[in-house]
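Visitor: I'm new to this one, could you walk me through a part of it?
Guide: Gladly, let us look at it together.
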Amino acid sequence: MNIIEAAFFLCFISSSNVHFAGATKQTAGNITPSENPFTPKASLIRYWNKRINGGSPPPSFFLSKASPLTTVDSTRFATLASRHALDTRLYDFCTAAKLFCFPELAAHSVTEKHGDDVGFSVYSDKNFTNYGSDRLAGADTFKNYSGGDNIGVDSFRRYSRDSAGHDDGFSNYAGEVNVADQSFTTYATGSTGGAGDFTNYHTNANQPNGRFTSYSDEANGRSQSFTTYSENANSGAQTFTSYSKNGNGAPNGFSGYGSGSNVVKSGFSGYGETANGANDTFTSYGGDGNLPVNDFKKYGERGNGAVYGFKSYRDQSNIGADSFSSYAKDSHNEKVNFVNYGKSFNLGSDDFTGYGQGNDGGNVSFKTYGQGPSFKAYTKDGVVFARYFNNASSSGKKVNKWTEPGKFFRESMLREGTLMQMPDIKDKMPKRTFLPRTIVSKLSFSSSKTGEVWRIFGAGENSSMAGIISSAISECERPPSYGETKRCVGSAEDMIDFATSVLGHGVVVRTTENVVGSKKKIVIGKVKGINGGDLTRAVSCHQSLYPYLLYYCHSVPKVRVYEADLLDPESSEKINHGIAICHIDTSAWSASHVAFLALGSGPGRIEVCHWIFENDMTWTTVD
């Protein structure tokens, strides 16, 4: 035992009644007498035994989330946290505590110039600076780049700048990635000819974030194509700032962009501004998406002879919102065609402000445009509406094609012998652990101190990490809904305290046993209603994306909780043991909640059930 451990030991003994004899009692909690009794894991077990009645040890799935820090590291990082100096040891902290932190790209730079064609396969976490600048002809290809990574962080700065006839191909880039952060800054600026092709970019990614800043500015005759970009992605953001600004004859094509995605935001600011002869097409952009949000600011403003086409844009998506501000304003001979635009199955919102104002000699046409937008300061001349209709008055049951089958279901499905679809219950979050309370209690967690949190975790302004942190804090600070009691917790001790404050000290925590059967058909086996299947109160905890393990815990009244054996449909063998919660009172839910879109009803008219996914959990009183 070194000096720090000895000091910690003496301090602990003098302030508590715990004796080494307690180690024998803790063996049931997976701490043996030979292990250090002062680690965060051992401390959690003691806290559990103190706060939870009944004598049962913490379940293994809960204990596995305890911080892996050693006693010495826990003390050292707690001291740094109290001094607001954790950022000085961020790499050590993230590594030792198993946190979610972006890698430092400075040590992974690729700055050398290549005279020959280069193919990058199975690469990740690289910083390409001045790569391909002044390049004549040739081609670079990025295939399976950052594919399947947990965290994909790449930076392309001044890539292919001032090149001539140089082609870049990005195929299967950052696909199946969890939390992708890609930055293209001054990419292909001033280039002549050549082409950039993005195919299957961010496909099936979770939290994809791409930033294109000054991309192809002042380029001459260079084409860019985005095909199946962010398809089936989950909750990301793509921003195009000053894209193709002052460009000449540069065609850009977006095909299958954001199709089938969930809450992906796209921002186009100054896109094609003062461009000459641009030709941009958006085909099947945002189709079948859930809550897609797109913002076009100064798109094509003061352009000359440009042609923009929106075909099947946001078709069959759920709700969604588009904003067109100063689009094609003060342009000359620009043509804009909207074909099958916004034919969402569930009404969204569109806002056209200053659209086409001052447009000289051009025209705007809307064909089978199916929403009820707001047109403000919209040009009165040269606009044609053909088969324009408003979906708001349509009737009949609407089916949300995006909602995953089995994600929500009725209580009657929880009967032995029922064949049903299991949703994807696999955890899509980066692997993280709780922080010890001695550390997390010293870290800022408030929207008023977001800058401090960014500094601690090395998140630059407008970076993906900054957005992740701000989003989590904002959700945690959101006022509770009617009847809801909520709290975000970053330590296991805080979760125990919240659960016991709502339910008392006689509680049990459960989760679905494994992920076998996920996304497949399963048969319901033996079913047991918790607390006799009566209406009860439960505390459910769901992960939030954050550097350390953070849970959004909340309790709502009038629920029933079930546990059920899940069987293989072919062999009838047990493959899993699932936990499901049924919300009986849905009267306060939004009418646009995806559960109602999936089940075909509305608030207060039906109950809604769902499974507890991997690494989420629900607390109830002991039976």
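Visitor: What does Gly504 do just after H10?
Guide: Gly504, which directly follows H10, takes a positive phi of about 95°; helices are DSSP runs of H or I with at least four residues, numbered from the N terminus. This is a predicted model, in which local features need pLDDT of at least 70, side-chain atom pairs count only at pLDDT 80 or more, and totals for chains, interfaces and linings use all residues. Residues are numbered from 1 along each chain as its sequence is written, and side-chain values use heavy atoms, with hydrogens and water left out.

Visitor: And H10 itself, how many of its residues are buried?
Guide: In H10, 10 of the 12 residues are buried, so the helix is largely enclosed by the rest of the structure; buried means under 20% relative accessible area with a 1.4 Å probe, protein chains only. Among them are Asp494, Phe498 and Leu503.

Visitor: Switching topic, which residues line the second largest cavity?
Guide: The lining includes Pro40, Leu44, Phe434, Ala492 and Glu493, and helices H3 (40–51) and H10 (492–503) each supply at least two of its residues. A cavity is a set of points on a 1 Å grid over the protein atoms alone where a 1.4 Å probe fits but cannot get out, and lining residues have an atom within 4 Å of a point.

Visitor: How much space lies in there?
Guide: About 50 Å³, as the space filled by probe spheres set on the grid points, which are joined across faces, edges and corners. The structure holds five cavities of 30 Å³ or more.

Key: On a 1 Å grid over the protein atoms alone, a cavity is a set of points where a 1.4 Å probe fits but cannot get out, and a pocket is an open set with protein on both sides within 12 Å along at least five of seven lines; lining residues have an atom within 4 Å of a point. Buried means under 20% relative accessible area, exposed over 50%, partly exposed in between (1.4 Å probe, protein chains only).
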